[in-house]
Structures are given as structure tokens and as C-alpha cells.
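The following paragraphs lead the reader through one protein model, beginning with a single loop residue and moving outward from there. Please keep the sequence and the structure in view while reading.

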Amino acid sequence: QVQLVESGGGLVQAGGSLRLSCAASGSIFSMSSMGWYRQAPGKQRELVATITSGHSTSYADSVKGRFIISRDNAKNTVYLQMNSLKPEDTAVYFCNANIITAFGGTWHSYWGQGTQVTVSS
């Protein structure tokens, strides 16, 4: 009923930039916080950044000052602008959203399928 579709990943040289997008579609009554997570090979999935419906943001220390999370509530879309990329940013990036699908329903957490970001040195 709800789908999150990421786009914008790819291969970039260290110091470069990429912009990820994640669009939510389907039976969405309301959406609260949205976020980006990443998982590198052999490592656990980790939080990168989150943004509330009121546009309050938080970031992992490793990306502060380099990444910017934003959202367009009218489009149910969250973005991640990644600047000054480093090889250690290489990972599969997943978007996440907390959504209610109907009035009076309960919040559920939804995930996208992931998009690969590779930063070469």
C-alpha cells in the first residue's frame, strides 16, 4: 500500500557531491519523521539524518556539516544532499518514513529498497 522509492545514487570521486531523493506513494494519510540510513558491507545499518514534518533536522556526527536533509511535504519526498563525500561514505542508503495510512490508524515505519553510493578515492 505504501512505497518508498529512492533515486540518485551512483559513483563519485572523493570530494564530490550527490543528491538522493526518496518519494513516498500509496495510501498515505499522514507522514511524520523521515530519514536516511546507510549500511556499508559487513556493518550494521546506521542513522545518517532525520527530519520532522516541521523540518527540524538531526545528523550523525560523521556527516554534520557535509550532508543536508530536506523534505517537500506536498510531494511526500525527502532529499539528502551529500557534499564533500569521502570513501567511508560508501554504502547502500535507505530512506525511512513513519506513516499512517488511514484516519485513526497507527504509525508504521516504511523503508525504501536502497540505493548504492560509492565514493572512490
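Ser84 has a relative accessibility of 42%, and because the partly exposed class lies between 20% and 50%, the residue counts as partly exposed. The model is a predicted one. Ser84 belongs to the loop that links E8 with strand E9, the latter covering 91-100. Its backbone is notable in one respect: phi is positive, at about 50°, although Ser84 is not a glycine. Most residues other than glycine have a negative phi.

Another residue with this backbone feature is Asn76, which is not a glycine either and has a positive phi of about 50°. Asn76 sits in the loop between E7 and E8. At 22% relative accessibility, Asn76 is partly exposed, because the limit for a buried residue is under 20%. Strand E8 thus has one of these residues in the loop that joins it to E7 and the other in the loop that joins it to E9.

The overall fold gives these loops their setting. The protein contains eleven strands and zero helices, and along the sequence the pattern reads β-β-β-β-β-β-β-β-β-β-β. The radius of gyration is 14 Å, close to the 14 Å that the globule rule gives for 121 residues, so the protein is as compact as a globular protein of that length. Along the principal axes, the C-alpha atoms fill a box of roughly 50 × 25 × 25 Å. Of the 121 residues, 37% are buried.

How are the strands around E8 arranged? They form part of an open sheet of four strands in the order E1-E3-E8-E7, with antiparallel pairing. Strand E1 (2-7) and strand E7 (67-72) are the edge strands; each has a single partner strand, so one side of each is left without a neighbour in the sheet. From one strand to the next, the twist averages 15°.

The sheet can be followed pair by pair, starting from the E1 edge. E1 and strand E3, residues 18-26, are joined in the antiparallel sense by six bridges. Within this pair, Leu4 has Ala24 of E3 as its bridge partner, and Glu6 has Cys22 of E3. The next pair, E3 and E8, is also antiparallel and has six bridges. Here Leu20 is matched with Leu80 in E8. At the other edge, E7 and strand E8 (residues 77-82) run antiparallel and are joined by six bridges. In that pair Ile69 stands opposite Leu80 in E8. Leu80 therefore serves as a point of reference across the sheet, because strands pair through bridges and Leu80 is the partner of Leu20 as well as the residue opposite Ile69.

In a regular strand the side chains alternate between the two faces of the sheet. Strand E1 shows this pattern: Val2, Leu4 and Glu6 point to one face and are buried, whereas Gln3, Val5 and Ser7 point to the other face and are not buried. Which residue elsewhere in the sequence has its C-alpha atom 8.6 Å from that of Glu6? It is Tyr93, 87 residues away along the chain. Tyr93 is located in strand E9, and its relative accessible area is 0%, so it is buried.

A contrasting separation involves Ser30 and Lys86. These residues are 56 residues apart in sequence, and their C-alpha atoms are 35 Å apart in space. Ser30 lies in strand E4, residues 30-39, and with a relative accessible area of 27% it is partly exposed.

The last feature is a matter of empty space. Rolling a probe the size of a water molecule over the atoms shows where such space is left. The largest pocket holds about 150 Å³. Its lining includes Arg38, Gln39, Ala40, Lys43, Gln44 and Glu46, together with Pro87, Glu88, Asp89, Thr90 and Ala91. By class, five of the lining residues are charged, three are polar and three are nonpolar.

Conventions:
Residues are numbered from 1 along each chain as its sequence is written. This is a predicted model: local features need pLDDT of at least 70, side-chain atom pairs count only at pLDDT 80 or more; totals for chains, interfaces and linings use all residues. Side-chain values use heavy atoms; hydrogens and water are left out. Two strands pair if DSSP finds at least two bridges between them. Helices (H or I, at least four residues) and strands (E, at least two) are DSSP runs, numbered from the N terminus. Axes are lines fitted to C-alpha atoms, for helices over the stretch in contact, and angles run from 0 to 180 degrees between N-to-C directions. On a 1 Å grid over the protein atoms alone, a cavity is a set of points where a 1.4 Å probe fits but cannot get out, and a pocket is an open set with protein on both sides within 12 Å along at least five of seven lines; lining residues have an atom within 4 Å of a point. Grid points are joined across faces, edges and corners, and a volume is the space filled by probe spheres set on the points. Ala, Val, Leu, Ile, Met, Phe, Trp, Tyr, Cys and Pro count as nonpolar, Asp, Glu, Lys and Arg as charged, and the others, Gly among them, as polar. The radius of gyration is taken over C-alpha atoms; the globule rule is 2.2 Å times the number of residues to the power 0.38. Buried means under 20% relative accessible area, exposed over 50%, partly exposed in between (1.4 Å probe, protein chains only).
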